[in-house]
Amino acid sequence: MTHSALLEQRRCGLLLHPTSLPGPHGIGDFGPAALAWLEWLASTGSGLWQVLPLGPTGYGDSPYQSFSSFAGNPLLISPDLLVEEGLIRPGELEARDWPTAAVDFGQVIPYKRQILELATSRLRQGWASALTESFQRFCAENASWLQDYARFMAIKGRHAGRVWTTWPEELVRRDPRALARLDVEFESEISQQQAQQFFFFRQWQRLRDRAQELGIAIIGDIPIFVAHDSADVWANQHLFALKPGGDPKLVAGVPPDYFAPTGQLWGNPLYAWEAHRAQGYEWWISRFRAALHMVDIVRLDHFRGIEAYWEIPADAPTAETGRWMPGPGQALLEAVDAALGELPVIAEDLGFITPGVIALRDHFRLPGMKILQFGFGSGPEDPFLPHNYPVRCVVYTGTHDNDTVVGWYQQAPEAERDYCRRYLARDGSDIAFDMIRAAWASVAGWAIAPLQDALSLGPEARMNFPGKPDGNWTWRFTAGQMTSEAADRLQVLAWESGRLPQQPATLR
């Protein structure tokens, strides 16, 4: 099926990051629980599964601050599948009393690191000889990013995780002779990093194949900006606005508004767009190609930054001193479109959106986003209310950055709660499902809800609280919450709202 055909289909789905999956190893992974999740998801009538960025995470555990735009997160590798491959013995998986409702990253990271180091060393020793040729082929096919990523992580490991601008000067400036010596001296660590990526992509492809068999398309996420402490920036310093020595010169954020009087200072380095333009946006094409190798559709986060972005001096204490600068706009998207074909992209067009952003989105016929939670604060003209939606959009009950519907409803001003009840013609006692019903019944081509809303969970299940420095990205659910009753309810709704091609057995 072409991307255009997929985007034209009326579909529904759920948003769930793999770290939230149940399982015995302290964090969700690509093992048996992920396959069980796909089977349950299909039984809800869903044809979409949306995930957050799948890259390796660093301090703060945010999937939006990754060490690489191309690599996968080793924490998602399933120890159980490594046992199946013959690289880990069953008795070597330490039984621990992990918390079931949250990820304890402080414990999970060293536990997973120990397992992966053992598995990667055995792969190199030939324990699973059937994998040797596949591993070598993987390294060759992904050499354009894999070698530098593996170097980056190996050096970071030798330097106690410190940011790359503090490394020896010859490594900061990537002296070719220094890199050649590094490849010899750090051969073991580099090979381990490569092997972990081999495991990640091998396991993820297994999961993706099953999703395709079940008729489920996977939506991924491309954050427009990348982390400064990343292989992306270290290996491509000429493509970013950096000072001599590698520190950022200009950083990203957004200007002051009602919610943030001093704006938001994100700190990601800005792009040197002239350099990108001079090389035909090759790095961006590679980034999109890599993303579409992992997922079927991508959500382009902060889409408005393609049209114009807020430029802030790196030494500014807040975002107030920034200024709007023109982004690459149509030229970037045309280059990607010419190289890869029609853009299977959802434009995250939330926040302060100008006519120029709308024109850019509509020129490429990209669906935008509508958040139902946002619709009840003004009146009938609010663009987030279903009667104002265009067909070519994706409606969400909420996102990973919002509270759950139940949590939102509990905290919303009474005027919003009252308008919500009147608009939905419901009493609010089943508010999460009422909101899902309104989203599914809307004319929006696609409708998506976080799993938390499908399970009617409260604020304890919130995934992220922007501005909160810790405690985010930890939520998990249990296998027992994937009930047939919840699935049947969603499946009937999918059918009744025209988002399921075949009538469910419960209605026959």
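Select strand β4, residues 250–254. Three bridges join β4 to β5, and the two run antiparallel. Within this pair, find Val254: the residue opposite, in β5, is Gln264. Keep in mind that this is a predicted model.

Now widen the selection to the whole sheet. This open sheet has four strands in the order β5-β4-β7-β8, with antiparallel pairing. Its edges are β5 (264–269) and β8 (323–326), each of which pairs on one side only. Look along the strands for the twist: on average, neighbouring strands are turned by 50° against each other, direction ignored.

Zoom out to the full chain. It holds 20 helices and twelve strands. The radius of gyration is 23 Å, close to the 23 Å that the globule rule gives for 508 residues, so the chain is as compact as a globular protein of that length. Along its principal axes, the C-alpha trace spans about 70 × 55 × 40 Å. Buried residues account for 58% of the 508.

Turn on side chains next. The count of salt bridges comes to 32. Here are some to visit.

Select Asp221 and Arg299. Their side chains meet in a salt bridge at 3.1 Å, N to O. Asp221 sits in strand β3 (residues 217–223) and Arg299 in strand β6 (residues 297–301), so the pair ties together parts that are 78 residues apart in sequence. Both ends are covered: Asp221 is buried at 11% relative accessible area, and Arg299 is buried at 5%.

Move to Glu92. Its side chain forms a salt bridge with Arg122 (2.8 Å, N to O). Arg122 belongs to helix α4 (residues 105–125), while Glu92 lies in the loop between α3 (79–84) and α4, so this bridge links parts 30 residues apart in sequence. Glu92 also meets Arg89 in a salt bridge, at 3.2 Å, N to O. Check the surroundings of the three. Arg122 is buried, with a relative accessible area of 7%. Glu92 is partly exposed at 30%, and Arg89 is partly exposed at 45%.

Then select Glu414, Arg417, Asp418, Arg421 and Arg422. Salt bridges link these residues in a network.

Last stop: Arg476, in the loop between α19 (451–454) and α20 (484–496). What is the nearest side chain of opposite charge to Arg476? It is Asp29, 6.9 Å away; Arg476 is buried yet has no salt bridge. Show the backbone of Leu21 as well. Its oxygen lies 2.9 Å from a polar atom of the Arg476 side chain.

Methods
Residues are numbered from 1 along each chain as its sequence is written. This is a predicted model: local features need pLDDT of at least 70, side-chain atom pairs count only at pLDDT 80 or more; totals for chains, interfaces and linings use all residues. Side-chain values use heavy atoms; hydrogens and water are left out. Buried means under 20% relative accessible area, exposed over 50%, partly exposed in between (1.4 Å probe, protein chains only). Lys and Arg count as positive and Asp and Glu as negative; His and the chain ends are not counted. A salt bridge is a side-chain nitrogen of Lys or Arg within 4 Å of a carboxyl oxygen of Asp or Glu. A polar contact is a pair of N or O atoms within 3.5 Å; within protein, one must be able to donate a hydrogen and the other to accept it, and residues adjacent in sequence count only if both atoms are side-chain atoms. Two strands pair if DSSP finds at least two bridges between them. Axes are lines fitted to C-alpha atoms, for helices over the stretch in contact, and angles run from 0 to 180 degrees between N-to-C directions. The radius of gyration is taken over C-alpha atoms; the globule rule is 2.2 Å times the number of residues to the power 0.38.
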